[in-house]
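Reader: I have the sequence and the model open side by side. Could you walk me through the reasoning behind some of the terms used for it?
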Amino acid sequence: GDILDLLERTTGPIAAHTSVLDPAVGGGAFLLAVAERMSGDRVGIVENLWAVDIDPIALAAAHSSLSLWAGVPVPSDRFVLGDFLASSTSEQLPDRVDLVVGNPPFLSQLRGPTARGADARAALRARWPDVGGYVDDAGAFLLAGAERVSARGAMVLVQPDSVLASSDAAPVRARLQAGA
């Protein structure tokens, strides 16, 4: 709630026609919180919501909760099963949205179970050549979200301290400062 309060104080109320994307939707808590703050008809609101997740059960939970909230089934093509950082997933989403919200995964690159594999490291380097090393995946979600948000849009993604403070995340911060 506090994050959305800050967003609304900065940008004003969230209109019903606002297109919203949660790139790591989980059970849908952030997307539902945004929907509840939007003015207008619930059916119209959910037609402008987009969600992505790698977990099919979480994605189904988000779809169900928003469908129950709206009182009608939410269009299932708006709920994309996949990795937001992968180009194959990005192709299923609109080029631009008005608002990107959520809590992307915090995947420390210092520990074995959450460290990227060789293919993921290569894909990250191909997309952003100066970004890599020990940058948490949440920072990559921030960059990908910034590419997706419209010029007059907004982005609210929870981030770990490492994205704000670590030297490895300096390219993320520089890219955001230059382009956002």
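**From terms to values**

Author: Gladly! Let's begin with D55, which is partly exposed, with a relative accessible area of 33%. This is a predicted model, and D55 sits in the loop between strand 2 (49–53) and helix 4 (56–70).

Reader: Why is D55 called partly exposed?

Author: Buried means under 20% relative accessible area and exposed means over 50%, with partly exposed in between. D55 has 33%, so it belongs to the middle class. D55 is also 9.6 Å from G27, C-alpha to C-alpha, with their positions 28 residues apart in sequence.

Reader: What makes P75 partly exposed?

Author: The reasoning is alike: the relative accessible area of P75 is 28%, and partly exposed covers the range between 20% and 50%, so the term applies. You will find P75 in the loop between helix 4 and strand 3.

Reader: Which residues are in contact with P75, leaving aside its neighbours within four places in sequence?

Author: They are V46, E47 and H63. Contact means heavy atoms within 4.5 Å. For E47, the C-alpha atom is 6.8 Å from that of P75, and the two residues are 28 apart along the chain.

Reader: How do you know that the buried residues of helix 2 are on the same side?

Author: The buried residues of helix 2 (residues 29–37) are L31, L32, V34 and A35. They cover an arc of only 160° around the axis, which puts them on the same side of helix 2. The face turned away from that buried side carries A29 and E36, which are exposed.

Reader: What is the order of the strands in the open sheet?

Author: The five strands follow the order 3-2-1-4-5, and their pairing is parallel. Strand 3 (79–81) and strand 5 (149–157) are at the edges because each has a single partner strand, so one side of each is left without a neighbour in the sheet. On average, neighbouring strands of the sheet are turned by 15° against each other, direction ignored.

Reader: Why do strand 1 and strand 4 count as a pair?

Author: Two strands pair if DSSP finds at least two bridges between them. Two bridges join strand 1 (residues 20–22) to strand 4 (residues 97–102), so the requirement is met, and these strands run parallel. To see the match in your viewer, look at V20, which stands opposite L99 in strand 4.

Reader: Which helices lie on the strands, and at what angles?

Author: Among them is helix 4, which packs on the sheet and touches strand 2 and strand 3; its direction makes about 175° with that of strand 3. Another is helix 7 (residues 137–148), lying across strand 1, strand 4 and strand 5 and running at about 150° to strand 5.

Reader: How many helices and strands does the chain have, and how much of the chain is buried?

Author: The chain has nine helices and five strands. Of its 180 residues, 44% count as buried. The accessible surface of the chain comes to about 9100 Å², and carbon and sulfur atoms hold 55% of that.

Reader: Where is confidence lowest and where is it highest?

Author: Confidence is lowest in helix 1 (residues 2–11), with a mean of 68, and highest in helix 4, at 96. For the chain, the mean pLDDT is 83, and 84% of the residues reach 70 or more.

Methods:
Residues are numbered from 1 along each chain as its sequence is written. This is a predicted model: local features need pLDDT of at least 70, side-chain atom pairs count only at pLDDT 80 or more; totals for chains, interfaces and linings use all residues. Side-chain values use heavy atoms; hydrogens and water are left out. Helices (H or I, at least four residues) and strands (E, at least two) are DSSP runs, numbered from the N terminus. Buried means under 20% relative accessible area, exposed over 50%, partly exposed in between (1.4 Å probe, protein chains only). pLDDT is the predictor's confidence in each residue, from 0 to 100. The arc is that of the directions from the helix axis to the C-beta atoms. Axes are lines fitted to C-alpha atoms, for helices over the stretch in contact, and angles run from 0 to 180 degrees between N-to-C directions. Accessible areas come from the Shrake-Rupley method with a 1.4 Å probe; for residues, only the protein chains shown count as cover.
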